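Work through the exercises below with the structure open. Try each task before reading its solution.

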Amino acid sequence: MITYLDNAATTPISPAVKRALAEGIEEYGNPSSLHSMGVRAHDLLERSRTKIASFFGCNEQHIYFTSGATESANIILQGYAAALKRSNSSRNEILISPIEHPAVENTCAFLGKSGFVVKKLPVDSSGIVPIETVLAELTPQTAIVAVMHTNNETGSRQEIETLAAACKKLDPGILFVSDIVQAAGKFPLDTLASSVDAFFLSGHKLGAPKGMGLFYLNPSFRIQPLIQGGGQEFGYRSGTTSPLNAHLLACALEDRIANMSRNTKHVTRLNEEFIDTLVKEGVAVERIVPLEHTSPYVLCCTFPATRGEYLLKELSKRDVCVSQGSACSSNSHAKSRILEALGVDYKRMDGALRVSFSPENTSEEVVSAAHTIRDIVSPK
Ligand code: PLP
């Protein structure tokens, strides 16, 4: 039996999404076709868009369907940079947190090669970006501030609406962008669009299949489309939009949001139970970030007496799926740029493991994974 505790990488398709598949799969029409099947498909697409907009407090016309978060981040960041250049804007600075996913980090690095100045904001030892330091870095040239809501490797969680509102108060012309991939369906975000100008997510992190995602963009900001074509998604993402994907995304979000408080309690219990069981079994383990500063869905811990990579491999042999954190490469001596930004020393970094939960995980799975770790680190 597989014990899957790597839900920050991707989640299994949730029972709610499996149920939604049956309805959506019938709507195979092209939503741009004028015949009845096209109209039905268009109707499903637009109902899904409206439902999703209601979850974030925005107008449905400002939600754009894409293949996922990486594509969304590129459309927003590259598209806005291109629009600024086209209008000969003097804004050419991009501020990002040092713990952004490569979808943002590498897109900004790419923009850094074409005339933009990319500055990294500091984070504290919990991975939190202090508001004062962001405000102190803003200049009349600041074009974009990009700070993720919840980090995928450590679970570090920002007060993103407060941060965005503070930046926008100083300069409403800044595009404030937030990656909400690890936050959507897990935290209340129903007023997000009133402070954050652009955000994006991927369906496969919340129980939908891979290859579907979306972004929101405040209509005060115009972007240049990356892809030219039939002008779907209000001109921002040409290519036939999938009503089925939109429907599954809407159902996945609806299910997670409807059960949010129950799920939060459940995964918090699993998160605590995992550490408590290890401690009870005499395994040396520490959290990298205190639980109060993280999403309970992501637990980054370190085993000072062993190597994370060794643990990961041994757990994998025993069908327990966890991760070392996305930033660690297969090179055993690679450092994690995320943990480095938090000031984690090499020893603790080397022993780090990421365990990430879904609402479908059980207490038995978590206790059994902790027992498996005990057997690996202190064999009888
Ligand atoms: N942002 C975060 C925080 C993520 O965890 C991920 C996926 O790991 C992404 C962005 C990119 O998502 P996708 O690969 O679905 O485009």
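**Exercise 1.** Find which residues surround the ligand in this predicted model.

Solution. Start at the ligand and collect every residue with a heavy atom within 4 Å of it. The residues found this way are Ala69, Thr70, His101, Met148, Asn152, Asp179, Val181, Gln182, Ser202, His204 and Lys205. Next, sort this shell by residue type: three are nonpolar, six are polar and two are charged.

**Exercise 2.** Examine the side chains of His101, Gln182 and Lys205 for polar contacts with the ligand.

Solution. The cut-off for a pair of N or O atoms is 3.5 Å. Take His101 to begin with: an N or O atom of its side chain is 3.4 Å from a ligand oxygen. For Gln182, the distance from a polar side-chain atom to an oxygen of the ligand is 2.8 Å. In Lys205, a side-chain N or O atom lies 2.6 Å from an oxygen atom of the ligand. Then turn to surface area: the ligand taken alone exposes 400 Å², and the protein buries 83% of this.

**Exercise 3.** Which pocket does the ligand take up?

Solution. Compare the space taken by the ligand with the list of pockets: this space is the largest pocket.

**Exercise 4.** Decide whether Asp43 and Arg47 form a salt bridge, and locate both residues.

Solution. The N to O distance between the two side chains is 3.3 Å. A salt bridge requires such a pair within 4 Å, so the pair Asp43 and Arg47 counts as one. Now locate the residues: both belong to helix α2, residues 36-56. They are four residues apart, about one turn of the helix. Applied to the whole model, the rule gives 23 salt bridges.

Conventions: Residues numbered from 1 in each chain as written. Predicted model: local features only at pLDDT ≥ 70, side-chain atom pairs only at ≥ 80, totals over all residues. Heavy atoms only, no water. Polar contact = N/O pair within 3.5 Å; in protein donor to acceptor, adjacent residues only side chain to side chain. Areas by Shrake-Rupley, 256 points an atom, 1.4 Å probe, with all protein chains shown as cover. 1 Å grid on protein atoms, 1.4 Å probe; cavity = no way out; pocket = protein on both sides within 12 Å on 5 of 7 lines; lining within 4 Å. Sits in = over half its atoms within 2 Å of the grid points. Nonpolar A, V, L, I, M, F, W, Y, C, P; charged D, E, K, R; others polar. Helix = DSSP H or I, 4+ residues; strand = E, 2+ residues; numbered from the N terminus.
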